[in-house]
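Colleague: Could you take me through one part of this model up close? I'd like to hear about the hairpin, and then how the rest of the chain sits around that part.

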Amino acid sequence: MNNQEISEITLRAKETYSSTLKENLVLITDAYKEDRLKSQGCLVCYYIHGERFGGAAMTHSKCSMCNKSLTFGTTCVDEVCSDCAALFGLCKICGGDIDMKQRKKGWVPHEKI
Ligand SMILES: [Zn+2]
Ligand SMILES: [Zn+2]
């Protein structure tokens, strides 16, 4: 390797470092919290999985909480409906806690209603 090559490799490493840092900062600081909560997604679904890709086919599923029928314009379906996500503080995409807090043992969602 010559100096030129080393310097190119270093530049690439620096670029990767700063772009990764930027992405992680967004995640760590929950930079788009307002929008994230509006779209009812947890940190992982919103920042890490980002946009969900799926085939453009009408897909039907049921809300894991209330069993309501849900229809989506893609093959990516939400785990719970918006109402249940809001009511139980869940991520509607994966069904986990919106703040990623562990629920207490024996927590029965319907007791909250
Ligand atoms: Zn529901
Ligand atoms: Zn989620």
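Modeller: Sure. A word on terms before we start: two strands count as paired if DSSP finds at least two bridges between them, and strands themselves are DSSP runs of at least two residues, numbered from the N terminus. Bear in mind that this is a predicted model. The hairpin is made of E1 and E2, with six residues between them. E1 covers residues 59-62 and E2 covers residues 69-72; the two run antiparallel and are joined by four bridges. To find your way across the pair, look at serine 61, which stands opposite leucine 70 in E2. In the turn, check asparagine 67: its phi is positive, at about 70°.

Now zoom out. Going from the N terminus, the elements come in the order α-α-α-β-β-α, so the protein has four helices and two strands. The radius of gyration is 20 Å, well over the 13 Å that the globule rule gives for 113 residues, so the protein is more spread out than a compact globule. Its C-alpha trace spans about 65 × 35 × 25 Å along the principal axes, and 15% of the 113 residues count as buried.

Helix H1, residues 3-29, is worth a look too. From first C-alpha to last, H1 reaches 38 Å, close to the 39 Å expected at 1.5 Å a residue. Being buried takes 20 or more other C-beta atoms within 10 Å; of the 27 residues of H1, the number that are buried is zero, so H1 lies largely in the open. Right after H1 comes aspartate 30, with a positive phi near 55°.

Terms used:
Residues numbered from 1 in each chain as written. Chains lettered and ligands numbered in written order. Predicted model: local features only at pLDDT ≥ 70, side-chain atom pairs only at ≥ 80, totals over all residues. Rg over C-alpha atoms; globule rule 2.2 N^0.38 Å. Buried ≥ 20, exposed ≤ 12 C-beta atoms within 10 Å, placed from the backbone. Expected span 1.5 Å × (residues − 1).
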